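This report goes through the fold of one protein chain, from single strands to the whole. Please keep the sequence and the coordinates at hand while reading.

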Amino acid sequence: QVQLVESGGGLVQAGGSLRLSCAASGRTFSRYAMAWFRQAPGKEREFAAAISWSSPSTYYADSVKGRFTISRDNAKNTVYLQMNSLKPEDTAVYHCAANSDAWSRATYNYAKGGEYNSWGQGTQVTVSS
């Protein structure tokens, strides 16, 4: 199983920026599908962004499109989430997720939490108004 460790969360004012990082274990990181999900207090976990293992292609929830950017550095086994123009409604615990066998699949639903087989503990992001 892939070990994931998130960092970079914190408190920021509305309109500010944060960059989250997720360091992953494993020798075949370049083949992992990676994603960020978030969960606000009292709400269900929701998809934020994902990046495929190849190309790579990126996918975003409508609520973050144009403000968040997901990227990966395979040499560092790390995926990033650059968050700009933050809003109070972005306040949540952000979890990194990985699927280590996505490369072998013909189809893959990047926005579905159940597709991922490894999860990090999460990092808190708080946006004040």
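Which residues of strand β7 form its covered face, and which its uncovered one?

## Strand β7 and its two faces

The model is predicted. In it, strand β7 spans residues 68–73. The covered face of β7 consists of F68, I70 and R72, while T69, S71 and D73 make up the uncovered face. In a regular strand the side chains alternate between the two faces of the sheet.

## Strand β8 and its neighbours

Strand β8 covers residues 78–83 and runs antiparallel to β7, with six bridges joining the two. Two of the residue pairs can be named. F68 has M83 as its bridge partner in β8, and T69 is placed opposite Q82 in β8. F68 belongs to the covered face of β7, whereas T69 belongs to the uncovered face.

Strand β3, residues 18–24, is also antiparallel to β8 and is joined to β8 by six bridges. Here S21 faces Y80 of β8 across the pairing. As for burial, β8 is mostly covered, with five of its six residues buried.

## Two residues with positive phi

The hairpin of β7 and β8 has four residues between the strands. N77 lies in this loop between β7 and β8. N77 is not a glycine, yet its phi is positive, at about 50°. How accessible is N77? Its relative accessible area is 18%; the limit for a buried residue is under 20%, so N77 counts as buried.

S85 sits further along, in the loop between β8 and β9. S85 too has a positive phi of about 50° without being a glycine. The relative accessibility of S85 is 42%, and S85 therefore counts as partly exposed; that class lies between the limits of 20% and 50%.

## Strand β9 and its pairings

Why can β9 be called largely enclosed by the rest of the structure? Seven of the eight residues of β9 are buried, which is why the description applies. The strand itself spans residues 92–99.

Several strands pair with β9. Strand β4, residues 33–39, does so in the antiparallel sense over seven bridges; within this pairing, the bridge partner of A35 is A97 of β9. Strand β11, residues 123–128, is joined to β9 by three bridges and is likewise antiparallel, with Y94 opposite T123 of β11. The pairing of β9 with β10 is antiparallel as well and has two bridges. In that pairing A97 stands opposite W119 of β10. A97 thus appears in two of the pairs named here, with A35 in β4 and with W119 in β10.

## A buried residue in a loop

Is A102 buried or exposed, given its place in the loop between β9 and β10? A102 is buried, with a relative accessible area of 4%. For comparison with the cut-off, buried means under 20%.

Not counting residues up to four places away in sequence, A102 touches A33, W53 and Y108. Of these, A33 falls within the range given for β4, residues 33–39. A102 and S52 are 50 residues apart in sequence, and their C-alpha atoms are 8.4 Å apart in space.

## The chain as a whole

The protein has 11 strands and zero helices, so along the chain from the N terminus every element is a β strand. The radius of gyration is 14 Å, close to the 14 Å that the globule rule gives for 129 residues, and the protein is therefore as compact as a globular protein of that length. Along the principal axes, the C-alpha atoms fill a box of roughly 45 × 25 × 25 Å.

Buried residues account for 45% of the 129 residues. Among contacts with a separation of 6 or more, 59% are between residues 24 or more positions apart.

The accessible surface comes to about 6600 Å², and carbon and sulfur atoms hold 45% of that area. On the charged side chains, there are 13 positive and 9 negative ones. The centres of these two sets lie 5 Å apart.

Note on methods:
Residues numbered from 1 in each chain as written. Predicted model: local features only at pLDDT ≥ 70, side-chain atom pairs only at ≥ 80, totals over all residues. Heavy atoms only, no water. Rg over C-alpha atoms; globule rule 2.2 N^0.38 Å. Buried < 20%, exposed > 50% of the residue type's maximum accessible area, 1.4 Å probe, protein only. Contact = heavy atoms within 4.5 Å. Areas by Shrake-Rupley, 256 points an atom, 1.4 Å probe, with all protein chains shown as cover. Lys, Arg positive; Asp, Glu negative; His and termini not counted. Charge placed at Lys NZ, Arg CZ, Asp CG, Glu CD. Pairing = 2+ DSSP bridges.
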